[in-house]
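User: I'm new to reading protein models and I keep tripping over the vocabulary. Can we go through a few terms and see what earns each one?

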Amino acid sequence: MVLAGSRTLSAGLRHRAGRLSSRLNSPYSSQCWRVVAYYSTDAPAAAPKKSEIKVNGKTYTTDSWFNTPRKILEATSRKLHLQKDHPISITRQIIESKFPQPTFKSYNDFDPIVSTVENFDSLGFPATHPGRSKSDTYYINASTLLRTHTSAHEAQLFRASASPGYLISGDVYRRDEIDRSHYPIFHQLEGARVWDRTKVPNGDVVKAIYDDLAQLPTHNVQVEDPNPPHHAERNPLQEGHHTAAEAEAVSAHLKRSLELMVVEIFSRAKQAAARQDPNYVDEPLKVRWVEAYFPFTSPSWELEVYYQGDWLEVLGSGVSKQEILINADQPNQIGWAFGIGLDRIAMLLFQIPDIRLFWSEDERFLGQFRGVSDDLDNKLKRFVPFSKYPACPKDVSFWLRPTSAAGGNDKRGNVHDFHENDVMEIIRDVAGDSVEDVKLVDEFVHPKTGRKSLCYRVNYRSLERTLTNEMTNAMHERVRNLLVERLGVELR
């Protein structure tokens, strides 16, 4: 049950609560992309109706909703989560090892282009949910988009009911800010486990769940879980669907399953640290459960891990909302679900400081993980940084359009007529992964006219080469021109 949202480790389930919060030329372009007449070499303009694009062998008709840059579409063929010896794939491999077949079936190759029905409607997103906006989501047309979460495939798996449990992993897409921990493409893994009241022995689903729990391994990690299994106000039972005993049994199975997964991940992280650093000081691993709110699970929890002196939020989870199972024609099933972000887990596991590195094809990066997939016990190790090239920061200042609500003219207007994500997309279109981060460094409102001025600092720094002033000046001038062309701003 992973949904797009903030790039915390529980990026999945947060989006459902409404708490919303990148690449140089690809060698895969000839395989997945056919340029059509209206498309520029840097980024898409507004697509005229009844134009076509071809992505991964499939043809799609675009319309005025089309806002997906060429570089994003090219990346849909990369599938880092399936690339052997890639840190994202290794992380997926470690997690999947704790959810064995045949109880759990893994789905890792669903097409990332889905319908709005799959991505939003099947999960109950209201029509006004901010996740549907063009400022947050990459659209092909009004009814087709790049999935914002792997939960876009959830309803079909519940309906198929091919196994008691499933795991889904994949690349997901969100327009977002630019820095070392955010990228418009990231990877999620979600899982679910169900029991059918009509198929368990004697119809006793509580006993069946506890019997399954007894078959799970144990661990010796300290667990803090001070709250009750459910709470009428903070973490309610799904009255009319689950008894207290059923919810408590499902919760117990969920927590043991996810504790085992997290212990596996962080135990391997500690082993990798100790293997490389003779002065590494080990500390006991601790985990804790924190009550949470997610619209499609209840009761719900986040799992945090105490690691390297701090509590880290790792995942979101809970007892699946019965409405989802009922809508999938499985009214007799009850169970749990969780969601976890693979990129940040991999950054922690391998100590990777910049999310752009995942998309690098530099042998200095990829070569460090060669052979790990086949020998996790002996070859898993932390990333060793290679030369860091110099940064070249440049500022761009502009007035917002005087007729825009964001510009201060009409506060009752459409607040989405300017969105920071649009600035980020222009910069990505021009410079790709040659930008390390972009920060808003100044904001000014004219006292007489009420117009708003913004100043962004673009920190140009390539992971693979030194950028000359001439190169950065050319990119920056292109950024400035596109800001005017696309957003109608007035440069200062």
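Analyst: Let's start with α4 in this predicted model. Helix α4 lies across β3, β7, β8 and β13 (333–341), and its direction makes an angle of about 15° with β8.

User: What makes 15° to β8 count as roughly parallel or roughly perpendicular?

Analyst: Angles under 35 degrees count as roughly parallel. The angle of α4 to β8 is about 15°, so α4 and β8 are roughly parallel.

User: And which strands does α10 lie across?

Analyst: Helix α10 lies across β7, β8, β12 (310–320) and β13. Its angle to β13 is about 55°. Roughly parallel needs under 35 degrees and roughly perpendicular needs 65 to 115, so 55° falls under oblique.

User: How do you know how α4 and α10 are turned against each other?

Analyst: Helix α4 (residues 87–96) and helix α10 (residues 342–350) pack at about 95°, and their axes are 9 Å apart. The range 65 to 115 degrees counts as roughly perpendicular, and that is why α4 and α10 get that description.

User: Which residues make up this contact?

Analyst: From α4 come Pro87, Ile88, Ile90, Thr91, Arg92, Ile94 and Ile95. On the α10 side, they meet Leu342, Asp343, Ile345, Ala346, Leu349 and Phe350. By class, the contact has 10 nonpolar, 1 polar and 2 charged residues.

User: Back to the strands. What makes β3 an edge strand?

Analyst: β3 belongs to an open sheet of 8 strands, in the order β3-β7-β8-β13-β12-β11-β10-β9. An edge strand pairs on one side only, which holds for β3 (104–107) and β9 (222–224). From one strand to the next, the twist averages 25°.

User: How do you know that β3 and β7 really pair?

Analyst: Two strands pair if there are at least two bridges between them. β3 and β7 have 4 bridges, so they pass, and they run parallel. In one of the bridges, Phe104 is partnered with Gly165 in β7.

User: What about the sheet with 3 strands?

Analyst: That one is open too, in the order β4-β6-β5, with antiparallel pairing. Its edge strands are β4 (113–115) and β5 (139–141). β5 and β6 (residues 144–146) are joined by 2 bridges. The cut-off is at least two, so this counts as a pair. Tyr139 stands opposite Leu145 in β6.

User: Now the empty spaces. Why is one called a cavity and another a pocket?

Analyst: In a cavity, a 1.4 Å probe fits but cannot get out, whereas a pocket is open. The largest cavity has a volume of about 90 Å³. Of its 13 lining residues, Leu157, Phe158, Ser161, Ser163 and Tyr166 lie nearest the centre. β8 gives the largest share of that lining, 3 residues. The lining divides into 8 nonpolar, 4 polar and 1 charged.

User: And what is the volume of the second largest pocket?

Analyst: About 260 Å³. It is lined by 13 residues, and those closest to its centre are Lys98, Phe99, Pro100, Phe104 and Leu216. Helix α8 (residues 244–276) gives the most to this lining, with 3 residues.

User: What makes Lys98 charged and Phe99 nonpolar?

Analyst: Lys is on the list of charged residues and Phe on the nonpolar list, so Lys98 and Phe99 are sorted that way. Altogether, this pocket's lining has 6 nonpolar, 4 polar and 3 charged residues.

Definitions and conventions. Residues are numbered from 1 along each chain as its sequence is written. This is a predicted model: local features need pLDDT of at least 70, side-chain atom pairs count only at pLDDT 80 or more; totals for chains, interfaces and linings use all residues. Side-chain values use heavy atoms; hydrogens and water are left out. Axes are lines fitted to C-alpha atoms, for helices over the stretch in contact, and angles run from 0 to 180 degrees between N-to-C directions. Angles under 35 degrees count as roughly parallel, over 145 as roughly antiparallel, 65 to 115 as roughly perpendicular and the rest as oblique. Contact means heavy atoms within 4.5 Å. On a 1 Å grid over the protein atoms alone, a cavity is a set of points where a 1.4 Å probe fits but cannot get out, and a pocket is an open set with protein on both sides within 12 Å along at least five of seven lines; lining residues have an atom within 4 Å of a point. Grid points are joined across faces, edges and corners, and a volume is the space filled by probe spheres set on the points.
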